[in-house]
Structures are given as structure tokens and as C-alpha cells.
Amino acid sequence: MAAIAVLYFHSNEHTLHDQLSKVYGPVFSIYLGFTPTVVVRGLKHLKEVLVTRGVDFADRPHDRLSESITGGRGIIAVKYGPAWKEHRRFTLSTLRNFGLGKKSMEERIFEESQYLIQELKKNKDSLYDPHFVLDNTVSNIICSIVFGRRYNYDESTFRNVLNLVHEHLKLATGFWAQLYNAFGFVKYLPLPHQRMFRNVKTVFGFLGEVLEEHKRSRVSGQPRDYIDYYLEEMDKVGDGPKLSFNTENLFMCMVDLFVAGTETTSSTLEWSLLYMMTFPDIQEKCHEEIDKIRGDRDHLDYEDRLRMPYTQAVLQEVQRFTSIVPLGIAHAPIKDMELNGYTIPKGTLIITDLSSVHYDESQWKYPHEFNPENFLNKDGELEKVDSFLPFSAGPRVCLGENLARMEIFLFFTTMLTHFEFHWPDPKSSPDLTPIFGISQAPKRFNMRLVSRT
Ligand code: HEM
């Protein structure tokens with residue numbers, strides 16, 4: 001296999017992978033700094049790694065930075081094994097208990113969307129940057145599930161915490177993070193990566209206070225939220241089979257859900273507004289479908305999406321075209337594995353290049369253009385497309401997929417029910433270049449809101 005030294009610190013990794021795979025095929029090896037890494041591209045091989053032999057590739061690689069931050073706890077960075085399985089299963093079932101797929105989760109999102117609309121209304125007719133309010137809105141959903149509370153849009157401590165999380169997700173793929181991963185001794189040097197650790201300390205301090213407050217105020221047998229359910233589980237299991245349940249793991253699950261549940265979904269909403277302003281005709285068609293299905297009701301229900309193929313196609317196209325988590329989260333084989341004729345040793349860092357299937361010319365009608373028709377058949381019905389993998393697939397598939405889909409649909413349609421979104425400067429058009437990071441956020445932008453009601 002080819003072995004080329006690479007450091008990722010800008011947004012052209014997709015083009016770089018494209019060029020390399022033209023020469024070396026869909027599975028090739030690079031040195032990420034000093035770490036031998038295998039890049040997997042294209043539907044056939046991604047399906048093999050994520051689904052067909054998903055369990056064999058369901059481990060996470062050794063990563064010095066992530067280990068020094070998470071201690072190998074929580075869900076996202078945890079090695080494949082009983083602790084990961086127990087936490088994943090517990091978290092999925094607790095999310096379901098909070099009504100995912102049932103009315104109550106929808107009600108939570110609907111309630112939050114009322115705050116969002118009030119806030120947007122205050123800013124209609126002026127230039128408005130929606131970044132923070134969307135971030136806060138989305139984060140409030142995961143906060144209400146995990147901590148049992150929401151944060152007002154003017155709470156500066158919360159705003160600061162969200163900003164630090166975003167900064168961390170950018171820094172964690174940057175040069176200094178890669179240097180830290182390559183050379184352990186860098187930890188002690190006064191270099192820019194220290195900023196990451198300072199940010200982590202502040203975010204952990206904030207979440208630590210939430211956890212302590214829960215321990216003080218909880219009433220056994222009356223769980224209010226995810227934290228309480230977990231504490232109940234700890235009481236219940238004692239020294240039973242779920243030995244992995246402890247306060248340290250609970251804390252890291254809180255961190256994982258808070259971080260994973262915010263930026264990805266809020267960026268998707270920001271991108272969706274940017275694309276609506278770039279293509280006003282598509283925005284208009286969404287307005288028409290929303291109005292038709294809503295009739296004289298105040299708002300749409302999640303169930304209504306089944307009768308709204310165009311809006312669903314638009315939202316999926318936003319996810320395809322922007323590939324919010326372009327390289328997924330690194331996997332690793334749990335034992336030595338064969339892939340495409342190569343032997344890949346246990347523990348090797350594997351990059352699942354999810355974005356590669358999103359622009360694959362053999363898979364899409366319009367691979368390189370933003371076009372909702374990519375998801376619609378000739379009768380205008382929504383088509384299921386195998387090469388659509390924004391949440392990855394298989395045993396490690398995004399744990400928040402259903403929640404994220406519900407939030408994206410309900411927040412997007414509520415915003416479009418109330419407003420038209422306009423790009424404020426007729427002499428320019430929106431900048432659709434992403435900021436590179438674990439997840440790809442758009443650059444900050446201003447928009448003009450015109451009330452529809
Ligand atoms: C549009 C929004 C989202 C996108 C595009 C997204 C995407 C992803 C992707 C690509 C992965 C990596 C899967 C793999 O390792 O193969 C992932 C993992 C994960 N996501 Fe999401 N995600 C989103 C929203 C959320 C939300 C709302 C939550 C919170 C409930 C969440 C929680 C997680 C967790 C805990 C994992 C780790 C799963 C594991 O290691 O077992 N995500 N996500």
C-alpha cells in the first residue's frame with residue numbers, strides 16, 4: 001500500500017484523498033504525522049468496514065490527545081468492548097424513554113422552537129447572524145434530556161462554553177493537536193495546544209457543576225433526566241454485571257452527548273439557511289410544501305414529514321452536499337484484518353471518508369451540484385439512496401441520528417413557516433466554503449429575515 005506523509009490542517013482533504021485514490025485505489029495508506037493510517041473510500045469498501053464487517057472494525061484507535069482528555073471513558077472514544085456496549089445501549093434506551101419517536105421529545109423541540117421564533121422576530125428587518133441562537137437552541141434540546149434544563153439565549157456563561165466547544169473541535173484536528181499526538185513530550189511545552197487544555201478545563205468545570213448539583217438535589221426513584229437515570233443505574237447495579245457504570249463514565253457521557261449533540265446539528269441548520277438564501281427558488285418550493293401540509297395549524301408535526309418529500313429531499317441534500325462530518329470518527333480493527341487484499345493490523349487508525357460517497361459520480365444524478373432532485377424519483381417521491389451516509393452506519397452509527405433528524409426537520413420547517421430568508425447583499429452571494437474541523441461549520445454570516453405571518 002502507498003504510504004505518504006500527510007498533516008490535515010485545511011479544508012482540502014477531500015481533494016487530496018480524491019487524488020490519492022485515483023492513483024492508489026479506494027483503500028490506501030498514509031502517515032498522518034507519524035501515525036500509519038488507512039483511508040477507506042467509496043460505498044463498497046465503506047459498507048464492508050462499517051456494516052458487513054462492522055464489528056471487526058468497531059474499535060477506536062489509540063489517540064494520545066483524546067485519551068488525555070477523556071481517559072478512554074464515555075461513548076465516542078471508547079474502545080470496542082463491554083463498557084462501550086453497556087453505555088451505548090443504556091444511552092439509546094434512555095433517549096427513547098424521553099420520548100424519542102413519541103410525542104414528548106417533539107413537544108420539547110416545539111417548545112424550544114417558540115423561543116427561537118421569538119428571538120428571530122426581535123431581529124427581523126436588520127442584519128442578523130444566526131450562529132449563536134441556533135447553537136443555543138439545538139444545545140438546549142440535549143441539555144433538557146441530559147441535565148433537565150434549558151439555557152436562555154442571553155446567558156453569557158453558556159455562550160462562552162459553546163464557543164469553547166466549537167474552538168476545541170477546530171483545534172483538535174489542527175497542526176498542534178497532531179504534533180501532540182505524534183510526540184507525547186509536547187504536552188509539557190508552552191505551545192498553542194495548551195489552549196485546548198484550558199478550554200477543556202473550563203467546559204469540564206461547567207459540566208462538573210451540573211453533575212454535582214444533580215447529586216445534591218436528586219430524589220431516589222424519581223429520575224428527572226439522563227444524569228438521574230444513570231445515577232439510579234449505579235445504585236441498582238452495585239457490584240453487579242454493569243461494573244463500567246461509575247461517576248467518571250457518567251461525566252464523560254455527559255460531555256460526549258453535549259458536544260456531539262450540538263455543533264453537528266446546529267451547523268446543519270446554519271447550512272440549510274445559507275442554501276435557502278443561495279437558491280431562493282428552492283426556498284420558495286419549501287414554503288409552498290410547508291404551507292400546504294400545515295394548513296391552518298400552528299406548526300407541523302414530525303409525522304408530517306412523510307407527506308413532504310421535497311422538504312425532506314432539501315434537508316438531505318444539505319447533509320449530502322456539506323458532509324458535516326466528512327471523515328466520520330476514526331475506526332480501528334479489533335484484530336488483524338484483510339481489506340481489499342491488504343492486511344491491516346489490529347488497532348490501525350482507519351479514516352472512513354464518508355464524504356467520498358457523497359460526491360461519487362457513479363451514485364448521484366447531480367454529484368457536484370446542490371440539487372434536491374438527487375433524492376427524488378421522477379414522480380417527485382423521496383428515494384432511499386444507499387450512498388447517503390451523513391451519520392455513518394453499522395454498530396458505531398451516530399447514536400443521535402433520530403434525534404438530529406427530528407430537530408433538523410422541526411426547527412427548519414418552523415423557521416420557514418415564520419420567515420423568508422434573504423442574503424442581504426445583492427452584489428455578493430453566500431460563501432459556501434466550510435471551516436475545516438471534525439465537523440464542517442459554515443463561516444459566520446449575516447442574513448435578513450422577512451416575516452411571513
Ligand atoms: C446532523 C447531526 C449529526 C451528524 C451529522 C452526526 C454524525 C455522526 C458521525 C458521522 C458519527 C461517527 C460514527 C462512526 O464512528 O462511524 C457520530 C457518532 C456519534 N454521534 Fe452523531 N451526529 C449528529 C448528531 C448527533 C446528536 C444530536 C447526538 C446526541 C445525542 C450525537 C451523538 C453521537 C455519539 C454519542 C456518537 C458516538 C457513537 C459511538 O461511538 O458508538 N450525534 N455522529
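A polar contact is a pair of N or O atoms within 3.5 Å, and in this predicted model such a pair joins Arg88 to the ligand, an N or O atom in the side chain of Arg88 being 2.8 Å from an oxygen atom of the ligand. Two further side chains approach ligand oxygen in this way. A polar side-chain atom of Arg60 is placed 2.8 Å from an oxygen atom of the ligand, and for Trp84 the separation between a side-chain N or O atom and a ligand oxygen is 2.9 Å.

The iron atom of the ligand has Cys398 as its only protein donor, through the SG atom at 2.3 Å. Cys398 is carried by the loop that runs between α15 (354-358) and α16 (401-418). Around the ligand as a whole there are 26 residues, of which the closest are Arg88, His331, Ser392, Arg396 and Cys398. Arg88 is thus listed among the closest residues of this shell and also places a polar side-chain atom 2.8 Å from a ligand oxygen, while Cys398 is both one of the closest residues and the protein donor of the iron.

With regard to secondary structure, at least two residues of the shell are supplied by each of α4 (82-97), α11 (247-260), α12 (263-278) and α16. The largest share, three residues, comes from α12. In chemical character, the shell comprises 15 nonpolar residues, eight polar residues and three charged ones.

Attention then turned to the charged pairs of the protein. Side chains of opposite charge can pair when their charged atoms come close. The structure holds 24 salt bridges. In one of them, the side chains of Arg444 and Asp129 meet with an N to O distance of 2.8 Å. This pair links distant parts of the chain, 315 residues apart, with Arg444 in the loop between β10 (441-442) and β11 (447-451) and Asp129 in the loop between β4 (127-128) and α6 (131-146). The two partners fall into separate accessibility classes: Arg444 has a relative accessible area of 53% and is therefore exposed, the limit for that class being over 50%, whereas Asp129, at 23%, counts as partly exposed.

Arg218 takes part in two salt bridges, one with Glu232 at 3.5 Å, N to O, and one with Asp235, in which the closest N and O atoms are 2.8 Å apart. Because Arg218 lies in the loop between α9 (194-217) and α10 while Glu232 lies in helix α10 (residues 226-237), the bridge to Glu232 ties together parts that are 14 residues apart in sequence. Asp235 also belongs to helix α10, so its bridge to the loop residue Arg218 ties together parts that are 17 residues apart. Glu232, with a relative accessible area of 19%, is buried, because that class covers values under 20%.

A network of salt bridges links Arg297, Asp301, Asp304 and Arg307. Within this network, Asp304 is found in the loop between α13 (280-294) and α14 (309-322) and is buried, its relative accessible area being 5%. The side chain of Asp304 makes a polar contact with the side chain of Arg297 at 3.1 Å. When residues up to four places away in sequence are not counted, Asp304 touches Ile293, Arg297 and Phe409. By contrast, Ile435 is 131 residues from Asp304 in sequence, and the two C-alpha atoms are 33 Å apart in space.

Three further residues were examined for their surroundings. Thr94 is found in helix α4, one of the helices that supply at least two residues of the ligand shell, and is buried at a relative accessible area of 2%. Beyond residues up to four places away in sequence, Thr94 touches Tyr226 and Tyr229. Gln312, located in helix α14, counts as buried at 17% relative accessibility. Leaving aside neighbours within four places in sequence, Gln312 is in contact with Arg305, Leu306 and Leu382.

Thr15, in helix α1 (residues 13-24), is partly exposed, with a relative accessible area of 41%. Although Thr15 and Phe321 are 306 residues apart along the chain, their C-alpha atoms are separated by 14 Å.

Definitions and conventions: Residues numbered from 1 in each chain as written. Predicted model: local features only at pLDDT ≥ 70, side-chain atom pairs only at ≥ 80, totals over all residues. Heavy atoms only, no water. Donors = N, O, S within 2.8 Å, 3.2 Å for Na, K, Ca; no water. Helix = DSSP H or I, 4+ residues; strand = E, 2+ residues; numbered from the N terminus. Near = heavy atom within 4 Å. Polar contact = N/O pair within 3.5 Å; in protein donor to acceptor, adjacent residues only side chain to side chain. Nonpolar A, V, L, I, M, F, W, Y, C, P; charged D, E, K, R; others polar. Salt bridge = Lys/Arg side-chain N within 4 Å of Asp/Glu carboxyl O. Buried < 20%, exposed > 50% of the residue type's maximum accessible area, 1.4 Å probe, protein only. Contact = heavy atoms within 4.5 Å.
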